[in-house]
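Me: I'd like to go through this one slowly, one question at a time. Can you show it to me before we start?

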Amino acid sequence: MTRRFLVTGGAGYVGSHLVAALRARGDAVVVFDNLRTGHRAAVPADVRLVVADLADHAAVDATLGDGPFDGVFHFAGLTQVGESMREPYRYLYDNVATGIALVDACVRHKVPRFVLSSTAALFGMPDEVPIREEARIEPGNPYGDSKWMIERTLLWASRIHGLRSACLRYFNAAGADPDGRLGEDHRPESHLIPLVIDATLGRRPPLEVYGDDYATPDGTCVRDYVHVTDLADAHLLAFDRLAEGDVVWNLGNGAGHSVLEVIQAVERVAGAKVPYRFAPRRPGDPAVLVAAADRARAAGWRPRFHALDDIVRTAWAWREAHPEGYGG
Ligand SMILES: NC(=O)c1ccc[n+]([C@@H]2O[C@H](COP(=O)([O-])OP(=O)(O)OC[C@H]3O[C@@H](n4cnc5c(N)ncnc54)[C@H](O)[C@@H]3O)[C@@H](O)[C@H]2O)c1
């Protein structure tokens, strides 16, 4: 039987890759997105796109009322750590208020399962790396805290109303659809791999590498890059695992890569030099953020794009073919 899902933020980077994965297995999808950072062209023409803001409760109710839905995947929200330090209340208000209202609407419309895009930003400056799900939660910014508040909302919705939920804490989503249909097009872009690629293509000034004196092998920050298609697979798996109970997974590649390693990977894939220079550290940047994704792996998650070069290759192919992103 065809299953039917609502994907908030399905016109965005990670959400659009999940929409593709759901459709590849024959599921029906409705996308709810205000197109603030998402792109109409990222949503297939035959998928219903509701262009509305989650703060428009009537639109959320009307969409869910047009169910039934087997589940909701919630990607929509404000996503910039730095911006959240400048506009804390906007982040707390927008992300938390819309998240709570969406969870409430799901309960009222009897949606049985909910999958949340959470974040590694919950962990702030971690005591231990790799970071396990049980690690101390101490968000270092309002963005991370807003996700934690939605996680807490889901905990109570599960206990009180029986809404099953999966909280998927991603580390750094990276790469692009291997078939070249979808990719990353944030404006402005803040993620390292597209920034390195655009610097290499001469589409932006030389890359600034923040800090060269961290306690890492080459002195630059180490992060965990997980392919966006592997993330989409993890969402499908987490949804299925909800049959057994609630899910909390940290999702990463398990292997960290430094900024200089990313630069070298782009140089290998592009066959060109990456222009960059060192700049002072950014306050609040931990030296190393790497996930212990053992829980998801034990549940059967098998990332297909482990190697950094494979991740970069898909991102490079997307950018070469779509120099203007979805705008071209
Ligand atoms: N990209 C990453 O590396 C990463 C890492 C950890 C967590 N996440 C989380 O994953 C989710 C998706 O991230 P992304 O990189 O795809 O971001 P994105 O900006 O590409 O996608 C977000 C989508 O949500 C839509 N949206 C935002 N606010 C909305 C609102 N109030 N109502 C309706 N639609 C709204 C945007 O238009 C966009 O299409 C986010 O919740 C983010 O916090 C992303």
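Me: Okay, in which loop is Leu35 found?

Reply: Quick heads-up: this is a predicted model. To place Leu35, look at the elements on either side of its loop, strand S2 (28-33) and strand S3 (48-51). So Leu35 sits in the loop between S2 and S3.

Me: What is phi of Leu35 near?

Reply: Most residues other than glycine have a negative phi. Leu35 is a residue other than glycine, yet its phi is positive. The value is near 60°.

Me: Is Leu35 buried, partly exposed or exposed?

Reply: Buried means under 20% relative accessible area, and exposed means over 50%. Leu35 has 23% relative accessibility, so it counts as partly exposed.

Me: And Lys110, is that buried or exposed?

Reply: Lys110 lies in the loop between helix H4 (88-108) and strand S5. Its phi is positive too, about 60°, although Lys110 is not a glycine. With a relative accessible area of 70%, Lys110 is exposed.

Me: Let's turn to the ligand. Which element supplies the largest share of the shell around the ligand?

Reply: Helix H1 (13-24), strand S5 (113-119), helix H5 (142-161) and strand S7 (172-174) each give at least two residues to that shell. The largest share is three residues, and those come from S5.

Me: How many charged residues does the shell around the ligand have?

Reply: In total, 29 residues surround the ligand, and Asp33, Arg36, Thr37, Tyr143 and Lys147 are the closest. Split by class, the shell has 12 nonpolar and 13 polar residues, and the charged ones number four.

Me: How much of the ligand's accessible area does the protein cover?

Reply: Start with some backbone contacts. A backbone N or O atom of Gly12 is 3.1 Å from an oxygen atom of the ligand, and a polar backbone atom of Ala173 lies 3.0 Å from a ligand oxygen atom. On its own, the ligand has 820 Å² of accessible area, and the share covered by the protein is 96%.

Me: Which backbone is 3.0 Å from a nitrogen atom of the ligand?

Reply: Here the ligand atom is a nitrogen, and its partner is a polar backbone atom. That partner belongs to Leu54.

Me: Last one: what is omega for the peptide bond from Arg187 to Pro188?

Reply: Most peptide bonds are trans. The bond joining Gly67 and Pro68 is cis, with omega about 5°. The one from Arg187 to Pro188 is also cis, and its omega is near 0°.

Technical notes
Residues are numbered from 1 along each chain as its sequence is written. This is a predicted model: local features need pLDDT of at least 70, side-chain atom pairs count only at pLDDT 80 or more; totals for chains, interfaces and linings use all residues. Side-chain values use heavy atoms; hydrogens and water are left out. A residue is near a molecule or strand if one of its heavy atoms lies within 4 Å of it. A polar contact is a pair of N or O atoms within 3.5 Å; within protein, one must be able to donate a hydrogen and the other to accept it, and residues adjacent in sequence count only if both atoms are side-chain atoms. Accessible areas come from the Shrake-Rupley method with a 1.4 Å probe; for residues, only the protein chains shown count as cover. Helices (H or I, at least four residues) and strands (E, at least two) are DSSP runs, numbered from the N terminus. Ala, Val, Leu, Ile, Met, Phe, Trp, Tyr, Cys and Pro count as nonpolar, Asp, Glu, Lys and Arg as charged, and the others, Gly among them, as polar. Buried means under 20% relative accessible area, exposed over 50%, partly exposed in between (1.4 Å probe, protein chains only).
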